[in-house]
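This report looks at one chain as a whole and then at a single helix of another chain. The sequence and structure come before the description.

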Amino acid sequence: MSELTQEKIGLKSRRREQPVGRFSNLKLGEILARQGILIAFALFLIGFTIANDRFLAPDNIMGVVRSSAILGVMALGVTFVVLSGNLDLSVGSMMSFSTIVVLDLHDKIGPVLAIPAMFAMTMCLGALIGFLVGYLRLNSLIVTLGMLSAIHGLTLTYSGGKNMDIADKEGTWFSVFGQSDLVGIPVPILIFALLASTLGILLAKTPYGRKVYAVGGNGLAATFSGINRSRVVFTCYVLSSFCVATAGLLQASRSLGSQNTVGQGLELEVLAAVILGGASLMGGSGTIFKTVIGVLILGFIQNGLLLVGLQFYAQYIVTWIIIILAVWLDIAAKRGKLWSPIA
Amino acid sequence: MEPGTLSTFLKRGAIWGFIVFELIFFSLAGEFLSFSDKAFMDLDNMLLLFKQSAPIGIIAVGMTIIMINGNIDLSVGATYALSAIVLLDSMTWPMFAGMGNAVIPIAWGLALLTGVVLGALNGLIVWKTGVDAFIVTLGAMLGYRGLVFMYNGEQPTSHLNWTLVDFAEAQFLGLHTATWFLVAVTAAVWFLMNKTVHGRNAYAIGDNRAAATNAGIRVGPHMLINFMIIGFLASLSAVAFYSESGSVNPNDGELYELWVITAVVLGGTKLTGGAGSVLSTLGGVLAIQLLRKGLGHIGADTETVNLAIGIILIAVLLLDRQLNIKGKEELRV
Amino acid sequence: MSTQKPALRLEGILKTFPGVRALDNVSFSVIPGEVHALMGENGAGKSTLMKVLGGLYQPDDGQIIIDEQPVVMTSPLQAKSKGIVFIHQELSLAEELTVAENIYLGELPHKSFGRVDWKKLHAQTDSILQRLKVGFNAKTRVGELSIANQQMVEIARALTVEAKAVIFDEPTASLTDAEKVVLFDVITDLKSHGVGIIYISHRMEEIFKITDRISVLRDGQYRGTLNTAETTDDEITQLMIGRKLDLSRNASHHEVGDVALEVRELSCGALFKNIDFEVRRGEVVGFYGLVGAGRTEIAETLFGLREPTAGQIYLDGAEVTIHSPADAIAKGISLVPEDRKGQGLVLGMNCRDNMTLPQVEGLKFGPFVAETDEVAIFDKYKERLDIRTPGWKQTVGNLSGGNQQKIVIAKWLSMHPSILIVDEPTRGIDVGSKSEIHNLIRELASQGYAVIVISSEMPEVLHVSDRIIAMYSGEIMRTFTSDEVTEDNLIQAISGITSNRAA
């Protein structure tokens, strides 16, 4: 039997993108479709650079990355959740929660205790979601939708509906996370970069990362290989809540005061960044690197459109178009047909 | 009893039982705690409750069809806001100057058309590209919201037409105009889903898409029609609300998609499609609104309503799981 | 009977897939008012033939003739409009809808404004249901019906058109005896209305009970038609299997060692009951039976995926409780599952990662996966099992079925288990890889593995097993040693026939 024909048949069958070694034996068109998002990103950069020479100036790039850091940190955690085949809509209100909690505890017990206390509280919420979705196998969309609402209520109750401010904004060192520079680089960027590389390595290089891909790629096959699927999903949510707590820390430290709705709506923007990076909502496909690209694309579109004189909100429309195009081209490449077979 | 019957019964009837529970609980708690000297089940209070349920309720009825069909729509909040802007702004367009109140039906028509077009766009993309509705409408949520902001920046768009305000505030047989809208929409969609071929096919598609396709049902057009309906209903909801308020902020309608989905799920619509009822969704909407009012009535922080709804939503899911568990013979995966 | 014009005739149907001649010049016809059985081993071409008939596959050559008119089938829907109706094994019903809506799915009668004409719908449905003499009505929700009654709804669909031929594909697989009686009544009724019926089944007793003629396929070829009244199960078996199999290789060439696995009185609800057997090192034990006989469920229980309701499992003489697959793996039990793509592999992952998935936790270099060790494992088993893939980076989904199966087997061999359970080792695999996998299983036994092979293919189970356990509806009917077994008594044991010969 011809090996080649076999492969052609294989190409048409149900298949998902593999995390490693994606360049072997692929045709140019497929590479284009798969790496489309990187190519689109490059085109964007080139286009904006031509349109405005300030675009690639170091301070501009730094500014973009810095303002993307909070969204980015959250997107890293959500990438784990999405890879494991689930959704997390609660990260926005969870981020509000951690911001408010850390600001409140800052004045009550001091920043040294406030930070670990806030992390612990946020990660308890993550563990609760992880338990409901991982161990009880409840639908992640609805659980996290419920948690979105519940955590929002928790935050409002906690804060009594008021904004939270640090009393002595000048005298606290708490602002180092959000406002200072280290070796000329803003600390939020450093934290984002550190977290991205740590989680990137965790995902790509460790047994745990391998299990996340397996559970998301085919949960049943993972179970049949002796992997504890419940535990993997649980830890993904705990990890995600750790990222959310970090984002809350950055947000609180940057502003030293906050509304209790600071994270509202972020859950869907974060998800948009992850999808833009090419992660499949079905699970099992995507990487931390791609998510970072997705986050940066969102940041650079916003910045680039502003620089070429378009309104701030034009970025939403552009994001809409590229999200759909990115996902469409991805699935079109997989099914070998541009238009869907839906009758 | 066949397996699943109990769970089905609970799903279909439970929301009304829950509403009765809420009514009794808040009435009694209100008495005992005596935070309020007004009775909870006061007629005016209830009429107001219906009116306040209308904006979310009208959209939730549309979301029920979408979810029965096996899809989801996250863009309804943005569609709602954009339609509201078209409604209010079009009345000030120079081309309609001097038309007097004749501009009202035109403005309504334009607002509703906006919703239908935005819905159709979502539907066409889902149909023709095969991209999951979750992603398509997540993108649209951002895109349509972008259009809203492009329209008037961060400024509110305002136009008060007193004839319109009078109409919106009118009460007929005791019910407010918005309530009548909700009633009419629920009745119409109930008819559509239960009595017409389109409705029954929509159920079949959500239930077993492969079987529907094999039986020759064209999945795409049915999905398109349903997206047009939810777009229409999102703008109708805007028409009902903004005729009275006369001013729309660009971030109005944010998080509506989540409230609406919560109401639909509380009403027992199956997440994977194929089962659900607009009447139960109406129950879900009323239950949420009752909770909101009731917590205020007994003097609880109104903010706790979010907490309560979140917990109830997850509890419903847990209950459903317990009822559907098959026992020891099940594969431990 | 043979003088009548056939309702449906297939003539010289040829269908090839890359490397396989799935149907080779098959001709077959069904006469109005007859029940015509279509028989053959799994993989003989029955389902391919039915897919050609339903328009899901286009034949490379040959014709489908209905009422003396050649037709080109393009879809099951079009086939239905020509009067060819399929009753599938997997039900395709919308459970939340009513019986009537399901029967007329896609063609609901309607009045103006797209309103469903319920009166007409229910009247039409009721008349069909009356003909079927069922105990439910048009307004019952399908989800509330038993599997058997759901099947009746499928059959009722067939009655909405002027059916010329109705195809039943293993209709009794999930029916109780009482339900079967009802089904057979329906078939008799259809028959008396002049409908031609194609009946696909492995169960001999049913074949003898209701069919008029029997056609047999083997290896994609038509092997002949028998009159049911004039034939015996031996004759049918002979046609289905063809050659006398060379059973000599069943004789063990090697020493059989101690008992590695012993199972006593093992039960799991209604799935299987009172299962007793043991497997020794160096021995291959075959489990043979029909789909749904409980074989896979036993394997899943041994692998920690199901909790037994009664009974004991002993490994090397010590009683154990197996809590999870991880637990089973730690105790030296491995399972190559039945559904390769659904349970065996993460199709989107590369070959290496799939192969090392169960042991990835143990292959560590500091906190990281020791990728060089992984590649070494991959290379070793690629060579040993002759896995044909360009390299470890290849996505598993791109490999042929045979090579995919070898990856799954390698996944477990590299863990050095003491007990290897292989469920349907060669399902959907080309002939070349098939014999390679068979040889591998024999070789593993000779190296001292205790091997359990579950298979629905008789040649396979005869070829690889030292002993064969025949199962029927959750119970062990008989255990054969390689000396006693014949195709005949094996087929009878798994068909539920308990004649003297088989007992």
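## Charge, fold and a helix

In chain B, the mean positions of the 17 positive and 22 negative charges lie 14 Å apart. The model is predicted.

The secondary structure of chain B consists of 13 helices and four strands. Its radius of gyration, 21 Å, is close to the 20 Å that the globule rule gives for 333 residues, so chain B is as compact as a globular protein of that length. The C-alpha trace of chain B spans about 75 × 60 × 35 Å along its principal axes.

Burial, contacts and surface of chain B can be set side by side.

| Property of chain B | Value |
|---|---|
| Buried share of the 333 residues | 58% |
| Share joining residues at least 24 apart, among contacts between residues at least 6 apart in sequence | 80% |
| Exposed area | about 13,100 Å² |
| Part of the exposed area supplied by carbon and sulfur atoms | 67% |

The other element considered here belongs to chain C. Helix H1 of chain C covers residues 46-53. Six of its eight residues are buried, so H1(C) is largely enclosed by the rest of the structure. Buried here means under 20% relative accessible area. The buried residues of H1(C) are Lys46(C), Thr48(C), Leu49(C), Met50(C), Val52(C) and Leu53(C); a lysine, Lys46(C), is thus listed with Leu49(C) and Leu53(C). In an α-helix there are 3.6 residues a turn, so residues three or four places apart point the same way. Just after H1(C), Gly55(C) adopts a positive phi of about 80 degrees.

Note on methods:
Residues are numbered from 1 along each chain as its sequence is written. Chains are lettered from A and ligands numbered from 1 in the order in which they are written. This is a predicted model: local features need pLDDT of at least 70, side-chain atom pairs count only at pLDDT 80 or more; totals for chains, interfaces and linings use all residues. Side-chain values use heavy atoms; hydrogens and water are left out. Helices (H or I, at least four residues) and strands (E, at least two) are DSSP runs, numbered from the N terminus. The radius of gyration is taken over C-alpha atoms; the globule rule is 2.2 Å times the number of residues to the power 0.38. Buried means under 20% relative accessible area, exposed over 50%, partly exposed in between (1.4 Å probe, protein chains only). Contact means heavy atoms within 4.5 Å. Accessible areas come from the Shrake-Rupley method with a 1.4 Å probe; for residues, only the protein chains shown count as cover. Lys and Arg count as positive and Asp and Glu as negative; His and the chain ends are not counted. The place of a charge is taken as NZ of Lys, CZ of Arg, CG of Asp or CD of Glu.
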